[in-house]
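User: I would like to go through the labels attached to this model and see what each one rests on. Please set the values against the cut-offs.

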Amino acid sequence: MAEKKRATKADLKRVDSIIADYREQRWALIPLLHEIQGVLDYIPPEAIPRIARGLGLFSSQVQGVISFYTQFYTAPRGKNIVRVCRGTACHVRGAKTILKLVKQHLGIEENETTPDYDYSLETVACIGCCALAPNIVINRNIHGHMNPKKIASIFRH
Ligand code: FES
């Protein structure tokens with residue numbers, strides 16, 4: 001798993017300038033979180049009390065919203081996002097084994113990032129390509145009919 005990266009002073013300065021545009025606008029929490037993540041690719045935990053102060057909320061409220069929505073990340077992710085489909089069709093055709101092999105090749109568990117920040121691993125429900133099951137998605141590319149040989153060739157370094 002990747003070592004915990006901390007937000008730099010420059011990152012927090014950018015966060016502060018985004019917050020300044022939303023001061024005391026409690027309704028704007030979600031757009032604000034999207035904007036911070038759009039700039040930094042994640043929401044640094046150090047930013048949470050700043051966001052709360054800026055909008056007039058409690059840190060626990062900000063944290064609650066971040067935890068509720070799966071599209072928000074509080075740690076930097078890898079350059080490549082690998083998603084293993086665990087929908088029904090993929091499950092029936094061996095998604096469990098595919099996930100196990102991908103974990104072995106990357107040396108990480110689900111929702112973790114490799115130490116070099118090359119890859120993050122996630123699972124998804126159906127991606128709508130059941131005819132190609134089992135599927136994995138790397139960034140925006142769908143790789144269908146996965147098997148151990150294909151997994152090995154994709155993740156060979
Ligand atoms: S279940 Fe995997 S694509 Fe539909």
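**Labels and their grounds**

Analyst: The model is a predicted one. Strands β1 and β3 run antiparallel and are joined by three bridges.

User: What makes β1 and β3 a pair of strands?

Analyst: Pairing requires at least two bridges. Three bridges join β1 to β3, so the two count as paired. V82 has I138 in β3 as its bridge partner.

User: What makes β1 and β2 a pair, and in which sense do they run?

Analyst: Six bridges link β1 (residues 80-85) and β2, in the parallel sense. The cut-off is at least two, so these strands pair as well. N80 has Y119 in β2 as its bridge partner, and V84 stands opposite T123.

User: Why are β2 and β4 said to stand at the edges?

Analyst: The open sheet has four strands in the order β2-β1-β3-β4, with mixed pairing. β2 and β4 (141-143) each have a single partner strand, so one side of each lacks a neighbour in the sheet. From one strand to the next, the twist averages 25°.

User: Which helix lies across β1, β2 and β3?

Analyst: That is helix α6 (residues 95-106), which runs at about 155° to β1.

User: Why is T123 called buried?

Analyst: Its relative accessibility is 14%. Buried means under 20%, so T123 falls in that class. T123 is in strand β2. Leaving aside residues up to four places away in sequence, T123 touches V84, R86, L99 and E110.

User: How many aromatic pairs are there in the whole structure?

Analyst: A search finds three. One of them is formed by Y69 and F72, an edge-to-face pair with 6.2 Å between centres and 85° between planes.

User: Why is the Y69 and F72 pair called edge-to-face?

Analyst: Ring centres have to lie within 6.5 Å, and 6.2 Å meets that. Planes over 60 degrees apart count as edge-to-face, and the angle here is 85°, therefore the label applies.

User: Are Y69 and F72 buried, exposed or partly exposed, and why?

Analyst: Y69 has a relative accessible area of 30%, which lies between the 20% and 50% limits, so Y69 is partly exposed. F72 has 6%, under 20%, and is therefore buried. F68 joins Y69 and F72 in one aromatic cluster.

User: What makes Y119 and F155 an edge-to-face pair?

Analyst: The centres of Y119 and F155 are 5.7 Å apart and the planes are at 70°. The distance is within 6.5 Å and the angle is over 60 degrees, so the pair is edge-to-face. This pair links distant parts of the chain: Y119 is in strand β2 (residues 119-124) and F155 in the segment after α7 (148-154), 36 residues apart. Y119 and F155 are both buried.

User: How do you know that the charged end of R77 sits over the ring of Y73?

Analyst: The charged end of R77 is 3.6 Å from the centre of the Y73 ring. The distance limit is 6 Å, so that part of the test is met. The test also sets a limit of 35 degrees from the ring normal; the charge is assigned to a place over the ring.

User: Why does Q37 count as buried?

Analyst: Q37 has a relative accessible area of 13%, which is under 20%, so Q37 is buried. Q37 is in helix α2 (residues 29-40). Its contacts, not counting residues up to four places away in sequence, are Y42, I43, Q71, F72 and Y73.

User: Why are D41 and N111 called exposed?

Analyst: The class needs over 50% relative accessible area; D41 has 55%, so D41 is exposed. N111 has 61% and is therefore exposed too. D41 is in the loop between α2 and α3, and N111 is in the loop between α6 and β2. Phi is positive in both non-glycine residues: near 75° for D41 and about 65° for N111.

Technical notes:
Residues numbered from 1 in each chain as written. Predicted model: local features only at pLDDT ≥ 70, side-chain atom pairs only at ≥ 80, totals over all residues. Heavy atoms only, no water. Phe/Tyr/Trp six-rings, centres within 6.5 Å; stacked < 30°, edge-to-face > 60°. Buried < 20%, exposed > 50% of the residue type's maximum accessible area, 1.4 Å probe, protein only. Axes fitted to C-alpha atoms, helices over the stretch in contact; angles between N-to-C directions. Contact = heavy atoms within 4.5 Å.
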